[in-house]
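Welcome! Please take a moment to look over the sequence and the structure before reading on.

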There are 2 protein chains.
Amino acid sequence: MKPHGPIPPGYSADSDGMLTIGGDRADALADFAGDTPLFVYDSAMIAARVAEWRAAMPTDMQLHYAMKANPYAPLLAFMAALVDGFDVASGGELRAALASGMAAADVSFAGPGKRDRELEAAITAGATINLESRGEAERALSIASHLGLTPRLAVRVNPDFDLKGSGMKMGGGAKPFGVDAADAAALVRDVLDAGADWRGFHIFAGSQALDASAIAETQRQTVALAGRLAEEVGATPPLVNLGGGMGVPYFPGDMPVDVIAVGEALAETLAARDRALTDSRFAMELGRWLVAETGVYLTRIVDRKVSHGETFLVTDGGLHHQLAASGNFGTVIRRNYPIAVARAFGRDPIETVSVVGCLCTPLDRLGDQVALPRADVGDLIALFQAGAYGASASPASFLGQGAARETLV
Amino acid sequence: MKPHGPIPPGYSADSDGMLTIGGDRADALADFAGDTPLFVYDSAMIAARVAEWRAAMPTDMQLHYAMKANPYAPLLAFMAALVDGFDVASGGELRAALASGMAAADVSFAGPGKRDRELEAAITAGATINLESRGEAERALSIASHLGLTPRLAVRVNPDFDLKGSGMKMGGGAKPFGVDAADAAALVRDVLDAGADWRGFHIFAGSQALDASAIAETQRQTVALAGRLAEEVGATPPLVNLGGGMGVPYFPGDMPVDVIAVGEALAETLAARDRALTDSRFAMELGRWLVAETGVYLTRIVDRKVSHGETFLVTDGGLHHQLAASGNFGTVIRRNYPIAVARAFGRDPIETVSVVGCLCTPLDRLGDQVALPRADVGDLIALFQAGAYGASASPASFLGQGAARETLV
């Protein structure tokens, strides 16, 4: 038997033992959707997550949603009313952000390989471009000049530090992201000299960290770096985007981020900030932390079989919807995401099984030798932490299976 | 500097030094397609690959194409005229196979999680179902009975051995695939007793192996197992699908499979086969080996930047089209696929660069510290071995980028 990650708080069973999501039974949700697999996102949990963050953080901190985590259109429309901005990473995401109702002025666009047509779309819409290089700055200024528009430009800085313990390091050494800290002030001056509307700095050191003190230390370094750069530029950045970094517990032993501790440390950091930042505003950019726990992937058991004494539950889902949960995206060692049998939610396990997907590849494993209550053909398996980097971060076309259904409840 | 995999044979440059594919210049192909990134598949190379296999294998061996490797519709239509059957892994692939012009009788359907509606579609069309379990057999027989049709059923066997050195092991111990060898004969007898059209065995021990002697030994074991099972059943399997196993050289030091050696050994194996298999036909099921080398992924450089002394070429492509090449699919250690600068194909390298995609994640790396000729913004990077498990096996929607273009030349 191998352990699985912790079931996120907030999920419970009804009197039949059936998992409920947003007050609805999992089986009813699947029936109503018309087919499985199905991603269910809980809007009340999203709102609670945003409220939890706001309660913990210093007043005036802005919250941006990194929509790469989950770009499902109804979720974006719901989120647009809750947060202060969207961060997008492509022209496609820019269109989706604007369609959600988010104001263009509250959309910022990062990404190392923006094409001319993407820069043009952002400038035309009035979104902020987080410049990733001097070359990109020159292209953006040239396009804006042709359009006769004043571009809104921020400078993304590649910091000289990274976020300790983060699953994805975005700083600390040679990176394709942003402008090296040593070159950032000069680029800002050139952007200002060109008459652009300079929006500030974007500094993203890493993501998916669970240690509040590591996040706090990175934020302290980030604000200090922004202060040094502001002094060097001789101007106040209107906004400093501190990046994200707050992760979620996927695996056995993972503990949630202590958000209160992050907020308290950030308040101290901001109180002690360089005077060049006195009039700056600050934002955090969160994706995974806001939505991962609020999503459940429901997949139906198609076959139950025994091979060499081991029991396999074969589902209609798989890595084509849950690439990361299968252990094939950004992880070296495969570990089990939180998993449950929907109709026996919270019940004691009685057997060890492997839950696999329907794809004809040994990579397609959703739960490896996990202890679960008894489950049979037709039962629903629930995979948790499915609200971020699931549907849109998986190869939906693989083996001709197609996309999963999605619903926001 | 880190090495990259060997450029496949058959690619060359024109007098300008520009890579050509199927006689067309890479830059012209990109222009004609209207945008990059672009997958180009070379039909003449595919035909040559099929011919190479037929020349090496014993007469009467059948060649099946495992369309999961590349389901691009024009490629399927081209392939349908070259091979003896298609192997599909979902209802979606079944539809694509039939649309390609392949006769239903030459289509077989494997996959551990077939749904009732997929079984029904296969039975109605007259395709062969490779049964993965007793439960699936019962469902297929029940559905056929309701339809008033005689189903074409083969039994997929989980062998007690695996393919040594294979990238994906599909046999040898507890697996979700097929029926354990110890239980296979009893299932065949039940299928025969139920009046089904028994089509034989499907035995797939592994894939992506380069060692001809390991492949030959696995084929010897596979034919021996089929013989034992046929004796046990007391009937001759019409077809024994020996699976695939033949891989391609992705990485430095990889050598191509010695196909001649595989064919010679297989001839000996078949000559010595159990007499219960005297009237059986045999097939190999190949995907990757047939198409990987015949495809090139072309992506355009959007930015060239230096960070902490390291040069990055940022392209408009990335892991959303080339998940495996980025090192994020089925590999533990990231190594470099074969890569080149299209307009300086075959030229000596002059600098060490990292080629990254446009996605805002450190996972999106197509070439890590590779030695290449000088390349600038607007130049095309060519990634080889892109004909298999590329476009359809990558998360095209990730970060809102969308699918790459594809063309068959």
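## A buried aspartate

A:Asp379 sits in a loop of chain A, between strands β20 (365-372) and β21 (380-383). Keep in mind that this is a predicted model. Is A:Asp379 buried or exposed? A:Asp379 has a relative accessible area of 13%, and because the cut-off for buried is under 20%, A:Asp379 counts as buried.

What does the side chain of A:Asp379 reach? The partner is the backbone nitrogen of A:Asp376, at 2.8 Å. Leaving aside residues up to four places away in sequence, A:Asp379 also touches A:Thr299, A:Arg300, A:Ile301 and A:Arg343.

## The largest cavity

Let us turn to the enclosed spaces. There are 3 cavities of 30 Å³ or more, and the largest has a volume of about 60 Å³.

The lining of this largest cavity is made up of B:Leu163, B:Phe204, B:Ala205, B:Gly206, B:Ile215, B:Thr218, B:Gln219, B:Leu242, B:Gly243, B:Gly244 and B:Gly245. Which element gives the most to the lining of the largest cavity? That is helix α8 (residues 212-233) of chain B, with 3 residues. By class, the lining of the largest cavity holds 5 nonpolar and 6 polar residues, with no charged ones.

## The second largest cavity

The second largest cavity encloses about 50 Å³ of space. Around it you will find A:Leu163, A:Ile203, A:Phe204, A:Ala205, A:Gly206, A:Ile215, A:Thr218, A:Gln219, A:Leu242, A:Gly243, A:Gly244 and A:Gly245.

Helix α8 (residues 212-233) of chain A provides the largest share of the lining of the second largest cavity, 3 residues. The classes in that lining are 6 nonpolar, 6 polar and no charged residues.

## Aromatic rings

How many aromatic pairs does the structure hold over all chains? The count is 24. One of these aromatic pairs joins A:Trp198 and A:Phe201, whose rings meet edge-to-face, 5.3 Å centre to centre and with 80 degrees between the planes. Both A:Trp198 and A:Phe201 are buried.

A stacked aromatic pair is formed by B:Phe39 and B:Tyr41, with 6.1 Å centre to centre and 25 degrees between the planes. B:Phe39 and B:Tyr41 are each buried. In chain A, ring pairs link A:Phe39, A:Tyr41, A:Tyr72 and A:Tyr297 into a cluster.

How values were computed:
Residues are numbered from 1 along each chain as its sequence is written. Chains are lettered from A and ligands numbered from 1 in the order in which they are written. This is a predicted model: local features need pLDDT of at least 70, side-chain atom pairs count only at pLDDT 80 or more; totals for chains, interfaces and linings use all residues. Side-chain values use heavy atoms; hydrogens and water are left out. Helices (H or I, at least four residues) and strands (E, at least two) are DSSP runs, numbered from the N terminus. Buried means under 20% relative accessible area, exposed over 50%, partly exposed in between (1.4 Å probe, protein chains only). A polar contact is a pair of N or O atoms within 3.5 Å; within protein, one must be able to donate a hydrogen and the other to accept it, and residues adjacent in sequence count only if both atoms are side-chain atoms. Contact means heavy atoms within 4.5 Å. On a 1 Å grid over the protein atoms alone, a cavity is a set of points where a 1.4 Å probe fits but cannot get out, and a pocket is an open set with protein on both sides within 12 Å along at least five of seven lines; lining residues have an atom within 4 Å of a point. Grid points are joined across faces, edges and corners, and a volume is the space filled by probe spheres set on the points. Ala, Val, Leu, Ile, Met, Phe, Trp, Tyr, Cys and Pro count as nonpolar, Asp, Glu, Lys and Arg as charged, and the others, Gly among them, as polar. Rings of Phe, Tyr and Trp (its six-membered ring) pair if their centres lie within 6.5 Å; planes under 30 degrees apart count as stacked, over 60 as edge-to-face and the rest as tilted.
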